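These are my notebook entries from one sitting with one structure. I looked up one thing at a time and wrote down what came back.

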Amino acid sequence: MKFGVLVFPGSNCDRDAAYVTRNILGHTTRMVWHQERDISDIDVIIIPGGFSYGDYLRCGAIARFSPVMQEVVNHAKKGKFVIGICNGFQVLTEANLLPGALTRNENLHFICDRISVKVERNNLPWTSGYGDKEVITLPIAHGEGRFYADQETLAAIEDNQQVLFRYDGENPNGSLNNIAGICNREGNVLGMMPHPERAADRSIGGTDGLRLFEGLSSR
């Protein structure tokens, strides 16, 4: 399985993601500059965290128009895998690959912490390495991570079992229904605010995030 990690001006978690897929799991991984138009060689696209284009317009809003993103949309439509982490989640909603939006944290502060997250479904490749309703610990670091959707959209997300991760106990940013991560209806596109790539090496505090990449790469 070959991974591609997108790189936008302002990305800062791209190397973290590549370290997991390349150095820990041993998969072929290439960095994909945002102006590229050919990603046909890649099985899994990772849209990393950071501050794409400095978030000057709105988080993910400018990155959505980068040339590579049309190819990511086509990649997803073919049923291939896409994961957006933190800023990457914001990019996915801006690109209409996932429903809803990410807004300012309820307390209006940037939050950097480790948080308990419940795995809502473990019947998808992303979560197959976890137990049903297992509670894991993942880092978060965001200022605009509050998941929001209108009531009709929120009801559809719940009815279609698109919620993969929820904050367990403490809701750090005020996300509706404690949502920390969702997938599309087909299950091949995942967006999440917590950082699994920062919880993949035991030497820096735990490996709960590694199982997400292991489950996917075992296909």
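Which residue just after α2 takes a positive phi? I looked there and found Gly79, with a phi of about 90°. I note here that the model is predicted.

**Entry: helix α2**

I went back along the chain to the helix itself, residues 67-77. I listed its buried residues as Val68, Met69, Val72, Val73, His75 and Ala76. Why do they sit on the same side of α2? They cover an arc of only 160° around the axis, and that places them on one and the same side.

Next I looked up what covers these buried residues. The cover includes the strands β1 (3-7), β2 (29-33), β3 (44-47), β4 (81-85) and β11 (189-192). Helix α3 (87-94) is also part of the cover.

I then checked Asn74, which is in α2 too. Is Asn74 buried or partly exposed? Asn74 counts as partly exposed, because its relative accessibility is 28% and buried would need a value under 20%. I also took one distance from this residue: the C-alpha atoms of Asn74 and Ile39 are 9.9 Å apart in space, while the two residues are 35 apart in sequence.

**Entry: the sheet**

I traced an open sheet of nine strands. Its order is β2-β1-β3-β4-β11-β10-β9-β6-β7, and the pairing is mixed. The edge strands are β2 and β7, since each pairs on one side only. On average, neighbouring strands are turned by 25° against each other, direction ignored.

At one end of the order I looked at β6 and β7, which pair in the antiparallel sense over eight bridges. Ile115 stands opposite Leu138 in β7. Then I returned to α2, which packs on the sheet and touches β1, β2, β3, β4 and β11. The direction of α2 makes about 135° with that of β3.

**Entry: the nonpolar core**

Which residues touch the most other members of the largest nonpolar core? They are Ile47, Val72 and Phe165, in a core of 65 residues. The largest share of this core, five residues, comes from α2.

I followed Phe165 further and left aside its neighbours within four places in sequence. Its contacts include Val117, Val119, Ile136, Ile179, Leu190, Met192 and Leu212. Lys118, Thr127 and Asn178 are also among them.

**Entry: salt bridges**

How many salt bridges does a search of the whole structure find? It finds 10. I wrote up three of the pairs.

Lys2 and Asp41 meet through their side chains at 2.6 Å, N to O. This pair links distant parts of the chain, with Lys2 in the segment before β1 and Asp41 in the loop between β2 and β3, 39 residues apart. Asp41 counts as partly exposed, because its relative accessibility is 32%. Both residues belong to a network of salt bridges with Arg30 and Glu36.

Glu120 and Arg166 meet at 3.3 Å, N to O. They are 46 residues apart: Glu120 is in the loop between β6 (111-119) and β7 (135-142), and Arg166 is in strand β9 (residues 163-167). Glu120 is buried, because its relative accessible area is 16%. Arg166 is buried as well, with 18%.

Arg166 also forms a salt bridge with Glu158, at 2.7 Å, N to O. Glu158 has a relative accessible area of 25%, so I entered it as partly exposed.

How values were computed:
Residues are numbered from 1 along each chain as its sequence is written. This is a predicted model: local features need pLDDT of at least 70, side-chain atom pairs count only at pLDDT 80 or more; totals for chains, interfaces and linings use all residues. Side-chain values use heavy atoms; hydrogens and water are left out. Buried means under 20% relative accessible area, exposed over 50%, partly exposed in between (1.4 Å probe, protein chains only). Helices (H or I, at least four residues) and strands (E, at least two) are DSSP runs, numbered from the N terminus. The arc is that of the directions from the helix axis to the C-beta atoms. Contact means heavy atoms within 4.5 Å. A nonpolar core is a set of buried Ala, Val, Leu, Ile, Met, Phe, Trp, Tyr and Cys residues joined through side-chain atoms within 4.5 Å. A salt bridge is a side-chain nitrogen of Lys or Arg within 4 Å of a carboxyl oxygen of Asp or Glu. Two strands pair if DSSP finds at least two bridges between them. Axes are lines fitted to C-alpha atoms, for helices over the stretch in contact, and angles run from 0 to 180 degrees between N-to-C directions.
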